[in-house]
Amino acid sequence: QAAGEQFANDGFAQATIRAICRKAGVNLAAANYYFGDKERLYIEAVKHARRLREKQAPLPHWTNSTPAEEKLAQFVLTLLRRMLCEPGDPWQTRLIMREIMEPTKACEEMVQEAFQPFFQILIDILRDMMPEETPTHTLHQWALSVIGQCFYYRANAKILTMLIDGEELREEFSVEKLSEHITDVILRGLGHRPPLNQSVAISSVRSRDEHVK
């Protein structure tokens, strides 16, 4: 815990074992005794942060009857909650994002243990929504489109505050609303919802009919 917070704030190179042990209230030799060296402590701290985020924002339990569209919506919401620090301490996501942006051996282990299985869940959801003959690379591209849209709001949080009014950000860019938007984009792209211009036309017709009535 202490190492995770320190690495998240200072990065691997700047964080020191001495500062971490002081923060944890343990003897300086404890880090080497339990972890071997600073690199292994860092790797375990990243994995600890990732496990905490998964516990704080778990995927729901699905049954065989759960529609793929519902799974997609819940997957996107879960991913955004993990990325955007709601709920939980910001240091956990900051440490994970720091590692993703500047990957080390810790990232390799994180991908193997967590990201790859999580990615496969998304692939399976999309496979249920696409034709059987869809090639693997197309599934991968669509899955990365989902992840990329979610990642944008994390990686460009500061830029968003420069582009969009603060009140609009608070009211229209919540985790829930972003999840609805991203899910809607993917469902329309896959043909599970009508194109946006068609939806607007249908909505206009309905509004006109209600007005006539």
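The following questions and answers concern pockets, salt bridges and selected residues in a predicted model.

Reader: How much space lies in the largest pocket?
Author: The residues closest to the centre of the largest pocket are Leu79, Met83, Ile100, Phe115 and Phe118, and they belong to a lining of 19 residues. The space in this pocket is about 490 Å³.

Reader: Which helix gives the most residues to the lining of the largest pocket?
Author: At least two lining residues come from each of H4 (38-56), H5 (68-83), H6 (90-101), H7 (105-129) and H8 (136-155). The greatest contribution is six residues, and the helix that supplies them is H7.

Reader: How many residues of each class, nonpolar, polar and charged, are in the lining of the largest pocket?
Author: The lining of the largest pocket comprises 19 residues. By class, these are 13 nonpolar, two polar and four charged.

Reader: Which element supplies the largest share of the lining of the second largest pocket?
Author: The second largest pocket has a volume of about 280 Å³. Twelve residues line this pocket, and Leu84, Tyr153, Ala157, Leu160 and Phe173 are the closest to its centre. Two or more lining residues come from each of H8, H9 (157-163) and H11 (175-189). The largest share is three residues, from H9.

Reader: How many residues of the second largest pocket's lining are nonpolar by class?
Author: Two residues of this lining are polar and two are charged. The number of nonpolar residues is eight.

Reader: Is Leu160 buried or exposed?
Author: Leu160 lies in helix H9 and is among the residues closest to the centre of the second largest pocket. A residue is buried when its relative accessible area is under 20%. The value for Leu160 is 9%, so Leu160 counts as buried.

Reader: How far apart in space are the C-alpha atoms of Leu160 and Gly148?
Author: In sequence, Leu160 and Gly148 are twelve residues apart. Between their C-alpha atoms the separation in space is 16 Å.

Reader: How many salt bridges does a search of the whole structure find?
Author: Side chains of opposite charge can pair when their charged atoms come close. One pair in this model is Asp184 and Arg193, with an N to O distance of 2.7 Å. For the whole structure, the search gives a total of 13.

Reader: What separates Glu44 and Lys47 along helix H4?
Author: The side chains of Glu44 and Lys47 form a salt bridge at 3.7 Å, N to O. Glu44 is partly exposed because its relative accessibility is 24%, whereas Lys47 is buried because its value is 8%. The two residues are three apart in helix H4, which means a separation of about one helical turn.

Reader: How many residues apart are Lys47 and Glu109, which link distant parts of the chain?
Author: The side chains of Lys47 and Glu109 meet in a salt bridge at 3.3 Å, N to O. Both Lys47 and Glu109 are buried. Lys47 is in helix H4 and Glu109 is in helix H7, and the distance along the chain is 62 residues.

Reader: How exposed is Arg193, as a relative accessible area?
Author: Arg193 forms a salt bridge with Asp184. Asp184 counts as buried because its relative accessibility is 17%. Arg193 is partly exposed because its relative accessible area is 35%.

Reader: Which residues are joined into one network by salt bridges that share partners?
Author: Lys47 pairs with Glu44 and also with Glu109. The network contains these three residues and others. Its members are Arg40, Glu44, Lys47, Arg50, Glu54, Glu109 and Glu113.

Reader: What accessible area do Tyr33, Tyr34 and Phe35 have together?
Author: Tyr33 is in helix H3, residues 30-35, and counts as exposed because its relative accessibility is 66%. Together with Tyr34 and Phe35, Tyr33 forms a nonpolar patch on the surface. The accessible area of the three residues is about 420 Å².

Reader: What is the C-alpha to C-alpha distance between Leu196 and Val185?
Author: Leu196 is in helix H12, residues 196-212. Leu196 is exposed because its relative accessible area is 54%. Leu196 and Val185 are eleven residues apart in sequence, and their C-alpha distance is 9.1 Å.

Technical notes: Residues are numbered from 1 along each chain as its sequence is written. This is a predicted model: local features need pLDDT of at least 70, side-chain atom pairs count only at pLDDT 80 or more; totals for chains, interfaces and linings use all residues. Side-chain values use heavy atoms; hydrogens and water are left out. Patches are made of residues with over 30% relative accessible area and no salt bridge: like charges are joined within 9 Å, nonpolar side chains (Val, Leu, Ile, Met, Phe, Trp, Tyr) within 5 Å. Accessible areas come from the Shrake-Rupley method with a 1.4 Å probe; for residues, only the protein chains shown count as cover. A salt bridge is a side-chain nitrogen of Lys or Arg within 4 Å of a carboxyl oxygen of Asp or Glu. Helices (H or I, at least four residues) and strands (E, at least two) are DSSP runs, numbered from the N terminus. Buried means under 20% relative accessible area, exposed over 50%, partly exposed in between (1.4 Å probe, protein chains only). On a 1 Å grid over the protein atoms alone, a cavity is a set of points where a 1.4 Å probe fits but cannot get out, and a pocket is an open set with protein on both sides within 12 Å along at least five of seven lines; lining residues have an atom within 4 Å of a point. Grid points are joined across faces, edges and corners, and a volume is the space filled by probe spheres set on the points. Ala, Val, Leu, Ile, Met, Phe, Trp, Tyr, Cys and Pro count as nonpolar, Asp, Glu, Lys and Arg as charged, and the others, Gly among them, as polar.
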